[in-house]
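How do two protein chains meet in a model, and which parts of one chain make up the side that touches the other? The report below is concerned with one such interface.

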2 protein chains.
Amino acid sequence: MKEQKVYRSGILLYPGVEILNVAGPAEVFAATENFNVVSIGINTEPVKANKGFTLVPDYSLEDCPYLDVLVIPGGAIEKIQSNNDVLLWLQAMSIKTNLLLSVCTGAFLLAAAGLLDGKTYTTHHQFIDKLQSLAPYGKAIRNLRYTDSGNIIATAGVSAGIEGALHVVRRLTGAGTALNTASRIEYPYWQQASQGVHKTTIAAPGY
Amino acid sequence: MKEQKVYRSGILLYPGVEILNVAGPAEVFAATENFNVVSIGINTEPVKANKGFTLVPDYSLEDCPYLDVLVIPGGAIEKIQSNNDVLLWLQAMSIKTNLLLSVCTGAFLLAAAGLLDGKTYTTHHQFIDKLQSLAPYGKAIRNLRYTDSGNIIATAGVSAGIEGALHVVRRLTGAGTALNTASRIEYPYWQQASQGVHKTTIAAPGY
């Protein structure tokens with residue numbers, strides 16, 4: 001009998017991270033058979049999330065295990081987007097990890113690490129022009145719940161992280177599994193949302 | 001000039017609580033002007049949420065401040081539904097607090113405290129018959145995202161907590177505020193979901 005692969009998803013935690021950006025994908029992966037989910041801090045100190053929730057990371061950047069999916073949630077991203085340890089780690093993870101999923105303003109960290117070059121991407125509707133200016137060698141897409149561009153999946157604001165994670169489940173394990181997960185977390189909007197994906201990898205200017 | 005009321009919402013944390021049940025309402029309240037959100041543990045020890053997330057409560061049952069809304073998220077509820085300290089606290093809170101919001105299997109804790117008597121209520125679709133059997137003096141309603149029955153708002157599974165919290169915002173501060181919050185967290189399903197509320201208080205048998 002073939003052994004079933006177990007997919008490990010990891011979620012980056014940092015001070016000021018938005019709790020729903022973390023919890024949407026965490027719950028989706030936790031509710032999916034053959035997925036587990038861990039959290040990764042810059043170190044393993046407790047992290048004050050946005051608006052008062054404190055989370056304790058399972059791993060630090062240094063001892064983070066192999067991940068199939070790395071989630072970059074949005075939040076007070078400006079505090080870490082010039083942290084070289086984080087950016088170098090992200091660049092390394094983008095090679096080792098199957099998929100990167102940014103939620104909301106998490107895409108700004110991917111931009112800072114140069115990982116949006118040649119990609120389509122999206123973010124919270126209030127910040128899309130700013131993100132385009134920071135990632136000029138890729139293309140910001142409006143009015144989508146998420147974009148899928150090679151190994152980078154980027155979602156719109158906050159609650160769209162649920163759909164981005166369901167899309168990850170679909171890519172890795174198939175549409176049936178994603179539907180089961182959506183039912184388990186009682187998310188009746190998955191089928192309509194799943195029509196809204198934009199799949200392209202654009203030719204980046206100058207490439 | 002009239003001073004604007006600030007609403008304080010509190011979320012009960014306990015071992016095995018489902019992270020999205022916590023984070024959905026937390027994010028909604030955090031994204032709403034004139035709302036803040038705190039977390040309450042049985043004590044203030046760090047709490048292992050479902051599937052590995054650790055949360056640190058702001059308050060314990062004993063030093064919990066006045067709340068306008070108390071959220072009871074679902075999760076491993078069987079571990080606390082026979083805890084008398086929790087049940088007595090809940091009964092006291094149901095008198096002091098403006099609204100109680102249960103998410104998913106959180107309704108089982110309200111049932112254990114006798115707070116669903118004479119109410120309509122709902123829960124995760126897999127558990128609705130079981131809940132009806134535990135709260136026979138109230139009425140379980142199927143196929144709704146949430147019920148509103150006096151001071152008790154109960155939602156369907158997991159992600160429906162987002163809508164239950166948006167409904168709380170609407171009840172306390174008006175439909176415009178709830179729409180603004182839904183936009184801020186990019187939750188495009190609020191308008192369609194907000195049609196699905198069932199508002200009744202039934203006459204309980206034997207009353």
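The text that follows describes the interface of chain B and chain A.

This is a predicted model, in which local features need pLDDT of at least 70 and side-chain atom pairs count only at pLDDT 80 or more, while totals for chains, interfaces and linings use all residues. Residues are numbered from 1 along each chain as its sequence is written, chains are lettered from A and ligands numbered from 1 in the order in which they are written, and side-chain values use heavy atoms, with hydrogens and water left out.

Contact, meaning heavy atoms within 4.5 Å, links 41 residues of chain B with 41 residues of chain A. Between them the two chains bury about 3,200 Å², of which 57% is on carbon and sulfur atoms; buried area is the accessible area (1.4 Å probe) that two parts lose on being put together, summed over both. On the side of chain B, the residues that lose the most area to chain A are B:F53, B:E186 and B:Y189, together 22% of what that side buries.

The side of chain B that touches chain A divides by class as follows.

| Class | Residues in chain B |
|---|---|
| Nonpolar (Ala, Val, Leu, Ile, Met, Phe, Trp, Tyr, Cys and Pro) | 21 residues |
| Polar (the others, Gly among them) | eleven residues |
| Charged (Asp, Glu, Lys and Arg) | nine residues |

Across this interface the rule finds zero salt bridges (a side-chain nitrogen of Lys or Arg within 4 Å of a carboxyl oxygen of Asp or Glu).
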